[in-house]
Amino acid sequence: MKTLACGRTTEDVLLNLDEPADLHELQCRWCHAERQRLKDQNGFITQLLQTSTPEHEPDAFSQGILGKIASFAPRQRTWDVQEAGTGKKRRLSSLDLIKAIRKVFADSTESQLNYTEIKATDAKIPHLQWKVQCHVSMAEDSSVSTIEQQVLGFVRDAISPLILWDEIVVDLVVEDLHGQAIESVTLREEN
């Protein structure tokens, strides 16, 4: 996984490749270039599969190529967690938690989530301590202190229905509308 100059990773772009580009990807030259590179690569692979499949063994050949491609795809980290509603232990992927965080941010009129990553920081199973990295653009009429409070609340609201937790640490980078970092701060909340 490669981190782009804007702070997003190639995996972030890849995971959203089938969806329309978000505002950040439309404005960011690095994400736009990575999206184009991945689409070109996928087009080449699709064309290769369509034109080079032997007529007598199309399925075996295709499955061999697709197996090799799948081995190169980024893997999502999975975490052992305790469900919020039932208290049962289960495995949950980083992507599930990231999607929940992005969904909560979607309704905000003061900020836009550009990048996020989440990982457990404790050795206990199920995990109860989490670190979330967020890069957020803020609207011109908003303040950094408002965004800080809002982001911590959004992260808490996103993961609380999914998992039980004791502590959340949010490494927040507040950016202007052009993706330039204005402030970086670490926020913490205990449950």
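## Cores, a cis proline and free cysteines

Pro126 sits in the loop that links S3 and S4. Keep in mind that this is a predicted model. The peptide bond running from Ile125 into Pro126 is cis, with omega near 5°. For context, most peptide bonds are trans.

Now for the packing. The largest nonpolar core has 31 residues, and the members that touch the most others are Trp130, Cys134, Val151 and Val170. Several elements feed into this core with at least two residues each: strands S1 (78-82), S3 (111-120), S4 (129-138) and S5 (167-175), plus helices H5 (94-105) and H6 (144-159). H6 is the top contributor, handing over eight residues. Apart from that core there is another one, made of seven residues, including Leu4, Cys28, Cys31 and Leu38.

Next, the cysteines. How many disulfides does the structure hold? The count is zero. Cys6 is in no disulfide, and its nearest cysteine sulfur belongs to Cys31, 3.5 Å away. Seen from the other side, the closest cysteine sulfur to that of Cys31 is in Cys6, and they don't bond because 3.5 Å is too far. The cut-off behind that call is 2.5 Å between the sulfur atoms.

Here is how the two cysteines compare for burial:

| Residue | Relative accessible area | Class |
|---|---|---|
| Cys6 | 13% | buried |
| Cys31 | 0% | buried |

So Cys6 counts as buried at 13%, and Cys31 is buried too, at 0%.

Note on methods:
Residues are numbered from 1 along each chain as its sequence is written. This is a predicted model: local features need pLDDT of at least 70, side-chain atom pairs count only at pLDDT 80 or more; totals for chains, interfaces and linings use all residues. Side-chain values use heavy atoms; hydrogens and water are left out. A nonpolar core is a set of buried Ala, Val, Leu, Ile, Met, Phe, Trp, Tyr and Cys residues joined through side-chain atoms within 4.5 Å. Buried means under 20% relative accessible area, exposed over 50%, partly exposed in between (1.4 Å probe, protein chains only). Helices (H or I, at least four residues) and strands (E, at least two) are DSSP runs, numbered from the N terminus.
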